[in-house]
Structure formats: C-alpha cells, structure tokens
Amino acid sequence: MKTGFNRGMAALGLTVWGVAFAPTTFAADVQWNGFLNVVGGVLQHDPRVDFTPGAKQYPAYRDYSNDLSFDSQTSGGLQAKTTLDPQTSVTAQLYAEGYGSEYAAKLKWLFVTYTPTYNSTFRVGKIGSPFYYYSDFLNVGYAYHWISPPDTVYPFDTTITGVDYTYQDVGEHFDWSVEVLAGSSDEYYSSIQSQVTNHNSIGVVFNASNASGVSFRAMLYQTDSAMHADVLSPESLDANVNSAVDILLDRLNLPENIATAVRPSLVTATQAHLGTDWTGADSTPIRYAELALRSEWGRWMVMGECIGARNNNYLFNQATSAYLTAGVKVDRALFHITYSTANAVLNERAKEDLAMAVPTLGATPDEAGAYLASQIRSGYALLSGTKADFETIGVRYDVSTKTALKLDLTRVVEYASRPSETAGIGSNLLLRAAINATF
Amino acid sequence: MKQIIRLAGSLGLSLFCLTAQAGSVVVVANPAAGITMLTRDQVSQIFLAKARVYPNGKPVAPINQLDEGDIRRRFETSVLGKDSTQVRAYWTRLLFSGRTSLPKMVEDDKKVIDVVASDPTAIGYIDSDSLTRDVVVVFREP
C-alpha cells in the first residue's frame, strides 16, 4: 500500500514538473513563484557547555558561532502550480537550505488540490503539518516580521503525507474555516539529528478572523511517534557506557589491576540496566494543542501563540512554549519586540533516575551498573528537558512590495532543568540580518 | 443679489462634490452577477480570497491591477485598509500555502472593464473617471 502510494506520488511529481518544463503551450499554464531568505548572523560568544562548577556557559542558537555565518538560516524555494481543470490543480515546492542539508534541493510539498464546491477544498499528497499559525509559510521570511519565528515555539518544520479537507465560509463581518487532516510521515530532522516516524496522525484546525483585523486559531493534533536519534544508536550508547564506566573507575581511584578486572562486569551490568525502552524508538502517542490570537489595527500589531505537547516518552514528556510579539509600522519600517519561552518537564522515570543514590564503595557491579545506566539515561533526558527564554527586538524595512530587509537582536537565556543542575545555564546574544524576497 | 449668492453657493457645492467624486475608487461587477451593492467588508472578503461567492451565491473572481499602479495602492489603502506591503505579505502567505492562486492581474482600468464586462464572475476596481456602461458599480469609496 505504502509503496503503491509512493509510486503515485512520484508519478504526480513527474507530472507537475513535466508539465512545467514541457516546451509546449502547457508551460504557460504553470504558475511559478519563489522565495529567497539570505540570513547572516553572529553570536556574541561561541556556544559552550562546561560541567566545571562555576564555569561560564553560553547557549547555542542553531549552528551560529561568534564568526559571521550565512548557512544556518539561508534558504530558498520554488513553487510550481498547474491547473488541471477548474476544480483541480497540482502544486509542487522545491526547497533548499544551508542548515543540515547544504542547499540540497528536496521536494518539500507535492499535492493535488480539489475544490468540489466554493466552500470546500481537499488536498491530497505531501503537505505541511498544521502545528503552528505560520506552518503554511514557515520558510517564507517575507510573510512575517521576524527573520524567523521564535525557535522556542517553532522547533520543527514538518510535513505529512495524507489528506486534508478545509471548509471555509464568511459571515457579514467575519470569516472562518475548519481543516481536518490525516496522514503519516517519515522524515529526518537535522535540528535533533533524528529520523522521526509518525503514524495515525490526525488533526483539526479552526481559524476565524473579523473585519476589525482580529484573527484566532486553534489546533489539536495527535500522532503515534517513534524516533531514532543518531546519538542513541547502539554504537553511541556503547561508547557512553564505556566512558561512564571509565569515569567511575577513575573517581574510585582503584588499583589498576582491580579496575581492569572489574571493568568488563561493570560494562556488562550497565548495558543490561540501560536497556532501550527509553530511547523513543518504540512508537508512543503524542498530543499537541495550539492557540493563537493576532490583532492588527492601523499601524499596530500584537500577537500571541502557545503550543503544548504531551506524551509518556522518557525523553520528551510535557512541553509548553509561547510567545508574545508586538510591532508598530512607521512608514516602510516595522519595529517589533518579542518575548518567547519554552519549558519541557522531565518524565517521572527520569526524575527517579536523577535521584538515584551514588553507590557505596562496597556496591556490587550490578548495583554500580544500575546507577551508571540511570545517569546515562537521565543525562539524555536533561538535554531535552530545558527551560529557555528568547527576547528579540528587530526591524523590518520594506524596500519594495517584493523585498524586505530585516535586523533582529535576540537574547537567548537557558535555565537549569532542575534546582541542582549547573550545566546548560547561561545567556548569549545573537545578531542577525536578512534579505527576504519573493518573486 | 441673494439669488446670485445662492446660485454661486450651490454651484460651488456642486463643483466641490464633483471634485470630491472625480477619481474615487469604485468596485465594478458584471451586470449579470445580479449584484447592486456590496459592503466594504464583503469587498475585502472577496479581494482577500476569503469569499469565493457573492452574497447571492454566484461565483466571484477578483481582478487585480499591477503592483505599481496608483489605483491599486488607493484601493488597498482605502478599501482593504492595508498598505501595499501588508497586502503583499498576506498574499505571500496564501500563495505559498498552496491553498489558492493569485488573482488575475491586468494593467489598467480599461482592461479591468474589458474583463469584467465579458465575465459574469469577474469583479475589479477602477478609477471612477474610467467608468463605462458595460459594468455596474457595486461599491464606491466614500
């Protein structure tokens, strides 16, 4: 079934690109549009994680450093849309970005749109997941005032292969729409270096806006998700086990011959206790909910959005994030300010692991192995269990109706995931400039 | 003497009204659409792709004018209540969502009238100075 569907998608792709490039009059029926985001940025301090007590630490932001770089968020896309008949069209979007894929173009979207009535629209194929207010145009910098929406709320850019149905209508002074969708996905995410598989994904989105410029959005989404992170491969975990055993033996300061004798049994016990049921490789249900409210009046704009995710995964448990942004337009310039925050709560089992007592010198290899396994597991959980705030001030200047220049200054602050934690705490400043164009 | 003053006064008022009305933005439709008047909100809903049918249920397709045109800027500011960059950003969102296509674009008022007069679904905006009897005014900029 899946293979058949993929073949169908491939054929669809060939159709749209074939029609687009055909040297016949058909080419005139293809609507081409594109966008380009050239973004350069520099961090005040190189990101640094230092576990030495009292050491200065600096949070990272994507892969920016204190050398000016352009690859982290520079991207572009080309979209082709061809109309097959008055009710049916095919849309394909090629997208390339520097971060993670070194500008290798990929077919991001590929779907058929069918409009049976003036109020109803079906889309079938590879479409964007509607997690966020900006999901449909997340990569199109020209469409919003920031250089990019806050990473705390918008950590992923995801697609699903499936079907969605939208019903839209208007009242005298307002308009509204409801979108329902179902599908699945299997994608590699550079940002978390993981292959993520989602099945049985279903979602519903409600949008409404009135003539006074107030827009409201609400979303509910559920999926069965499995993750295969690069850092959680068997080889990586084995390396971590060996490293943890070496650190423990070093701290115990045992005679070399005893340490050498104990080491194999300690490694075996740690591996046995570590297990793999916590890595997220097994499919677990995740639920998402989102709310957004935006108001524009005259020169002013204010907007807030929050999203929550809940599951029972050891690594990713409950996460909430939100932002509040406001802006004022002065001639061609839009000055804006944004506060965003993200808070991921540790799983109860991870908390128990963290609270596990350090084994005494007389402990058996099995007891020591259980302790080391708990620390390795919870160490990974702490990586995702972060609390962070971003504050951004910026300006967007519209050079023309197709080009905007932007300058954003963002302060990134990361807090301890738990009271006793001293690692991963600190702040950093990110300065970015961008040109966004559409054509 | 008073009559002359009154006459001059009313003439001045008429001239003022003519001056005020000349060059205003009007939204025009095909007579066959059966629409005689739209509210500002209804015009906005049609030109922002939120409504695909007239209030009477007949299909509607907006016709836009070129980006650089003065009439387009005036229409967006006075009728849609947005400046040209706000409208462009709005359409950019719709366009790259793949949910709709850009409205058909023509270069001047005459072309708008030609298209609207020949297509019962078409609706466009022009300067009132360009009006002909081929189309009906369904909204006039106050």
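Here are some notes on this predicted model of chain A with chain B.

1. Starting with the scores: the model comes in at ipTM 0.78 and pTM 0.85. Chain A averages a pLDDT of 87, with 91% of its residues at 70 or above. For chain B the average is 85, and 85% of the residues score at least 70.

2. Where in chain A is confidence lowest, and where is it highest? Helix α1 of chain A (residues 2–21) sits at the bottom with a mean of 49, while strand β16 of chain A (residues 426–438) tops out at 96. Within chain A, pLDDT stays under 50 over residues 1–5, and the model gives that stretch 2 contacts beyond four places in sequence. Residues 19–28 of chain A are also below 50, and there the model has 10 contacts beyond near neighbours in sequence.

3. Chain B has a weak patch as well. Its average pLDDT is 85, but over residues 7–22 of chain B the value is below 50, and this stretch has 4 contacts in the model beyond near neighbours in sequence. I'd read the coordinates of these stretches with their scores in view.

4. On the overall build of chain A: the chain has 5 helices and 16 strands. Its C-alpha trace spans about 80 × 55 × 40 Å along the principal axes. The radius of gyration is 25 Å, which agrees with the value near 22 Å for a compact globule, because the chain has 439 residues.

5. Now the interface. Together the two chains bury about 2,900 Å², and 46% of that is on carbon and sulfur atoms. Which residues of chain A lose the most area to chain B? They are A:Tyr118, A:Gln168 and A:Thr401, together accounting for 19% of what that side buries. The contact takes 46 residues from chain A and 26 residues from chain B.

6. The polar side of the interface is worth a look too. Between chain A and chain B there are 20 residue pairs in polar contact, both partners at pLDDT 80 or more. The elements of chain A giving two or more residues to the side that touches chain B are β1 (30–43), β2 (75–85), β3 (88–97), β4 (106–114), β5 (120–128), β6 (159–170), β7 (174–189) and β10 (284–297). By type, the residues on that side of chain A split into 21 polar, 13 nonpolar and 12 charged.

7. How many salt bridges cross between the chains? The rule finds 4 across the interface of chain A and chain B. One to click on pairs B:Lys50 with A:Asp175, where the closest N and O atoms are 3.4 Å apart.

8. Over all chains, a search of the whole structure turns up 24 salt bridges. Inside chain A, A:Glu179 and A:Arg123 meet through their side chains at 3.7 Å, N to O. A:Glu179 lies in strand β7 of chain A and A:Arg123 in strand β5 of chain A, so this salt bridge ties together parts that are 56 residues apart in sequence.

Methods:
Residues are numbered from 1 along each chain as its sequence is written. Chains are lettered from A and ligands numbered from 1 in the order in which they are written. Side-chain values use heavy atoms; hydrogens and water are left out. Contact means heavy atoms within 4.5 Å. Buried area is the accessible area (1.4 Å probe) that two parts lose on being put together, summed over both. A polar contact is a pair of N or O atoms within 3.5 Å; within protein, one must be able to donate a hydrogen and the other to accept it, and residues adjacent in sequence count only if both atoms are side-chain atoms. Helices (H or I, at least four residues) and strands (E, at least two) are DSSP runs, numbered from the N terminus. Ala, Val, Leu, Ile, Met, Phe, Trp, Tyr, Cys and Pro count as nonpolar, Asp, Glu, Lys and Arg as charged, and the others, Gly among them, as polar. pLDDT is the predictor's confidence in each residue, from 0 to 100. The radius of gyration is taken over C-alpha atoms; the globule rule is 2.2 Å times the number of residues to the power 0.38.
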